[in-house]
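This report covers charged contacts, a backbone angle and a pocket. The sequence and structure come first.

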Amino acid sequence: MIGEVNQALRGWSGYFHYRNCSKVLGRVKTHAEERMRTQLRRRHKLQSRAQGYIRFSNAHLYDHLGLF
C-alpha cells in the first residue's frame, strides 16, 4: 500500500514542481498522512483518532513505513 501511495505522491510532486506551490504540496502531504493514519487505525482496530496520532506519528509514517 505504501508503494502505491508513494508513486502517486511522486506524481503530484512532479506536477507541482514547475511552480512554487509549497502551500498546495503541504495540503497534499497532510491529506496523505491523514488517510494513511486512518487506514492504519482501522487495520489495527484503534478506536479514537488520538490513539492513531499517538501510535502512528509523522516520524513513524516517514521513518519506519517509508512514506514519501
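## Salt-bridge network

E34, R37 and R49 are linked in a network of salt bridges. The model is a predicted one, and two salt bridges are found in the structure. Side chains of opposite charge can pair when their charged atoms come close.

In the pair formed by E34 and R37, the closest N and O atoms are 3.5 Å apart. Both residues belong to helix α2, where E34 and R37 are three residues apart, about one turn of the helix. R37 has a relative accessible area of 3%; R37 counts as buried because that value falls under the 20% cut-off.

The other salt bridge joins the side chains of E34 and R49, with an N to O distance of 3.2 Å. E34 sits in helix α2 and R49 in helix α3, which spans residues 49-55, so this contact ties together parts that are 15 residues apart in sequence. R49 has a relative accessible area of 52%, and R49 is therefore classed as exposed, the cut-off being over 50%. The network thus includes a buried arginine, R37, and an exposed one, R49.

## Backbone at K45

Where does K45 lie? The residue is placed in the loop between α2 and α3, the two helices that hold E34 and R49 respectively.

K45 is not a glycine, yet its phi is positive, at about 55 degrees. K45 is also exposed, with a relative accessible area of 69%.

## Largest pocket

Rolling a probe the size of a water molecule over the atoms shows where empty space is left. The largest pocket has a volume of about 190 Å³. Its lining consists of M1, V5, A8, L9, W12, V28, H31, A32, R35 and M36.

Which helices supply at least two residues each to this lining? They are α1, covering 2-16, and α2, covering 22-43. Helix α2 gives the most, with five residues. Helix α2 also holds both E34 and R37.

By class, eight residues of the lining are nonpolar, one is polar and one is charged. The charged residue is R35 and the polar one is H31, because Arg counts as charged and a residue such as His falls among the others. The nonpolar residues include W12, L9 and M36.

Definitions and conventions
Residues numbered from 1 in each chain as written. Predicted model: local features only at pLDDT ≥ 70, side-chain atom pairs only at ≥ 80, totals over all residues. Heavy atoms only, no water. 1 Å grid on protein atoms, 1.4 Å probe; cavity = no way out; pocket = protein on both sides within 12 Å on 5 of 7 lines; lining within 4 Å. Points joined across faces, edges and corners; volume = space filled by probe spheres on them. Helix = DSSP H or I, 4+ residues; strand = E, 2+ residues; numbered from the N terminus. Salt bridge = Lys/Arg side-chain N within 4 Å of Asp/Glu carboxyl O. Buried < 20%, exposed > 50% of the residue type's maximum accessible area, 1.4 Å probe, protein only.
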